[in-house]
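Student: Before we go through this model, please put the sequence and structure on display.

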Amino acid sequence: PGAFVRDAVSSVVHQPYRNWELRVVDDDTPEDLWWVDDVDPRVRRLRSDQHGGASVSRNKGIRATRGEYVAFLDQDDRWHPTKLERQADLFSSGAILCHTAFDLIDGLGTLIGPGYGRAVGYLDMLAGELGVLQSSAVVRRDALEAVGLFHPLLRMQQDLDLFLRLARLGRISFVDSVEVDYRIHGGNASRDYWRAIREMLLVYDLHELEAQSNNDLGALEALEGGRRTVRRTYSYQAIDAARDSLRRGRRCDAAVAIGRSLRLSPSVVVRSTRSLIRTRTHCGKGAS
């Protein structure tokens, strides 16, 4: 929604750190973003007619800027006023990527709770400890160009893919203060759990090939644990999707979701079925 975009742009414009330029990439959205052109001389709107998704749009924005560092901000998130100031100082110590803690908010901007931001390295991310929110990240441009920007064919896990490649290249710094609000709402792209897990496992496969070539036992061990973790996580999401489909009377969709959950983690399906049976048993006893 347009209100989210205004909130995001405003959070950049009101940064006390003044040495920035902002590119708002319009990937043929149906919303009228004419107002962006009048916000601030440092803000410019770019039109993208490729319909290539977030990766292509972000790469277009990156190439249209000139700064030594590149920061990202999704249209429905917002920065806290101190974000850029606190991150700018950390790059003098040699980091190529800096990210921050963040909070979760709802569609109205009300606080839900803390996010998952934490200090992580390459092996942590392979093990399923993601830790880095894209809207909190600032990256050195030379490092970003060295790893090849965002992968244009990834639509769900392009951030994980990029951060893993960067983590192999250099050091990551973490600001242990909340500097970003991550908005949870019905339009979040992360709702497409099945594409998300397929892309994540694909990214893991690429790093496994590299680890095998280098005989990197630490990476291989981390990947083994990471696969188990993300399979369980998305298996539960598939179960949730099945329950939602059943509530809507869509039995075929529910069957597909349960089948996907089984493919990802049979033990999750067993536990979820037992829980459902116990719940129904208790309900039946209460009714008698």
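The questions below deal with cores, helix packing and backbone angles.

Tutor: This is a predicted model, in which local features need pLDDT of at least 70, side-chain atom pairs count only at pLDDT 80 or more, and totals for chains, interfaces and linings use all residues. Residues are numbered from 1 along each chain as its sequence is written, and side-chain values use heavy atoms, with hydrogens and water left out.

Student: Which helix gives the largest share of the largest nonpolar core?

Tutor: A nonpolar core is a set of buried Ala, Val, Leu, Ile, Met, Phe, Trp, Tyr and Cys residues joined through side-chain atoms within 4.5 Å. Buried means under 20% relative accessible area, exposed over 50%, and partly exposed in between (1.4 Å probe, protein chains only). The largest core has 45 residues, and Phe72, Met125, Leu144, Leu162, Phe163, Leu166 and Tyr234 touch the most other members. Among the elements that give it two or more residues are helix 6 (158-169), helix 7 (193-213) and helix 8 (217-247), and the largest share, nine residues, comes from helix 7.

Student: How are helices counted here?

Tutor: Helices (H or I, at least four residues) and strands (E, at least two) are DSSP runs. Their numbering starts from the N terminus.

Student: How many residues are in the second core?

Tutor: This core is separate, and its members include Trp20, Leu33, Phe102 and Val138. Its residue count is 22.

Student: How are helix 7 and helix 9 oriented, parallel or antiparallel?

Tutor: Axes are lines fitted to C-alpha atoms, for helices over the stretch in contact, and angles run from 0 to 180 degrees between N-to-C directions. Angles under 35 degrees count as roughly parallel, over 145 as roughly antiparallel, 65 to 115 as roughly perpendicular and the rest as oblique. The axes of helix 7 and helix 9 are 12 Å apart, at an angle of about 20 degrees. The two helices are therefore roughly parallel.

Student: How many charged residues are in the contact of helix 7 with helix 9?

Tutor: Contact means heavy atoms within 4.5 Å, and here Tyr193, Trp194 and Ile197 of helix 7 meet Ala257, Arg260, Arg263 and Leu264 of helix 9. Ala, Val, Leu, Ile, Met, Phe, Trp, Tyr, Cys and Pro count as nonpolar, Asp, Glu, Lys and Arg as charged, and the others, Gly among them, as polar. By class there are five nonpolar residues, no polar ones, and the charged residues number two.

Student: How do helix 8 and helix 9 run, parallel or antiparallel?

Tutor: The axes of helix 8 and helix 9 lie 8 Å apart, and the packing angle is about 165 degrees. Their contact divides into three polar, four charged and 10 nonpolar residues. The angle makes the pair of helix 8 and helix 9 roughly antiparallel.

Student: Is Ser261 buried or exposed?

Tutor: Ser261 belongs to helix 9. Not counting residues up to four places away in sequence, Ser261 touches Ser235, Ala238, Ile239, Pro266, Val268 and Val269. Its relative accessible area is 0%, so Ser261 is buried.

Student: Leu149 has a positive phi; is the residue buried or exposed?

Tutor: Phi of Leu149 is near 60 degrees, although the residue is not a glycine. Leu149 sits in the loop between helix 5 and helix 6. Its relative accessibility is 8%, so Leu149 counts as buried.

Student: And Asn215, buried or exposed?

Tutor: Asn215, also not a glycine, has a positive phi of about 50 degrees. Asn215 is placed in the loop between helix 7 and helix 8. With a relative accessible area of 57%, Asn215 is exposed.
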